[in-house]
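Trainee: I should like to request a close look at a single part of this structure. Please take the charged pairs and their surroundings as the way in, and then connect them to the helices and the interior.

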Amino acid sequence: MGFGDLKAASGLKVLNDFLSDRSYIEGYVPSQADVAVFEAISSPPPADLCHALRWYNHIKSYQSQRSSLPGVKKPLGQYGPAGIADATSASKDDDDDDDIDLFGSDEEDAEAAKLKEQRLAEYAAKKLQINCVVEDDKVGTDILEEHITAFEDFVQSMDVAAFNKI
């Protein structure tokens, strides 16, 4: 994957062809993918590359919001059409993958597990909670309670927290 060298005419041509049927590099809204590709282009594309120029001007309008766009910025070579050589990364030894942690560290797993447990506890606390506002005097709480507890499979108990007359 990749666009090739985006500082060269050939890379810009690949980008133009890629954007001929897309508004953004990834998805349907501006994202960090667009920011990564935009930063790799040194100047606006020429006018004959209309799709790339349209995209460039559009992403340029997000100048003050670039850091807040959604997504995670990946290396430039991970964007673009398949089959194009990635010209952004220098050649490395194939054996040099000591810096890649394929399985993650235990510290991150402990933090993630703690966060997951916290969110599950919050979800369980809200799971059977229903808020209801009754504005009409014709509907009594007895009738309302009967209808709610009729769902025996879903409702285990019913407590009235507060009565407010409107």
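Mentor: In this predicted model, Asp 17 has a relative accessibility of 42% and therefore counts as partly exposed, since that class lies between the buried limit of under 20% and the exposed limit of over 50%. Its partner is Lys 13: the two side chains meet in a salt bridge, with an N to O distance of 3.0 Å. Lys 13 is likewise partly exposed, at a relative accessible area of 41%. Both residues belong to helix α1, where they stand four residues apart, about one turn of the helix. Side chains of opposite charge can pair when their charged atoms come close.

Helix α1 covers residues 9-18, and it also carries buried positions, namely Gly 11, Leu 12, Val 14, Leu 15, Asn 16 and Phe 18. The cover over these buried residues includes α2 and α3.

The contact of α1 with α3 can be described in some detail. Their axes come within 7 Å and cross at roughly 85 degrees, which means that α1 is roughly perpendicular to α3. On the α1 side, Leu 12, Leu 15 and Asn 16 take part, and they meet Cys 50, His 51, Ala 52 and Trp 55 of α3. By class, the residues of this contact comprise five nonpolar, two polar and no charged.

Helix α3 (residues 50-60) also packs against helix α2 (residues 32-40), at an angle of about 110 degrees and with the axes 10 Å apart. An angle from 65 to 115 degrees counts as roughly perpendicular, so α2 is roughly perpendicular to α3. Here Asp 34, Val 37 and Phe 38 of α2 meet Trp 55, Tyr 56, Ile 59 and Lys 60 of α3. This contact of α2 with α3 contains five nonpolar residues, no polar ones and two charged.

These helices also share in the interior. The largest nonpolar core has 22 residues, and those touching the most other members are Phe 3, Leu 6, Leu 15, Ile 25, Val 37, Trp 55 and Tyr 79. At least two residues of this core come from each of α1, α2 and α3, and α2 gives the most, with five. Val 37 illustrates the connections: leaving aside residues up to four places away in sequence, Val 37 touches Phe 3, Leu 6, Leu 15, Ile 25, Trp 55, Leu 76 and Tyr 79.

To return to the charged pairs, the structure holds four salt bridges in total, and two others may be set beside that of Lys 13 and Asp 17. Asp 21 and Arg 22 meet through their side chains at 3.2 Å, N to O. Asp 21 is exposed, with a relative accessible area of 61%, whereas Arg 22 counts as partly exposed at 36% relative accessibility. Lys 73 and Glu 39 form a further salt bridge, with 3.1 Å from N to O. This pair links distant parts of the chain, for Lys 73 lies in the loop between α3 and α4 (106-126) and Glu 39 in helix α2, 34 residues apart. Lys 73 is partly exposed at 41% relative accessibility, and Glu 39 is partly exposed as well, with a relative accessible area of 48%.

Notes. Residues numbered from 1 in each chain as written. Predicted model: local features only at pLDDT ≥ 70, side-chain atom pairs only at ≥ 80, totals over all residues. Heavy atoms only, no water. Axes fitted to C-alpha atoms, helices over the stretch in contact; angles between N-to-C directions. Parallel < 35°, antiparallel > 145°, perpendicular 65-115°, else oblique. Contact = heavy atoms within 4.5 Å. Nonpolar A, V, L, I, M, F, W, Y, C, P; charged D, E, K, R; others polar. Buried < 20%, exposed > 50% of the residue type's maximum accessible area, 1.4 Å probe, protein only. Core = buried A, V, L, I, M, F, W, Y, C linked by side-chain atoms within 4.5 Å.
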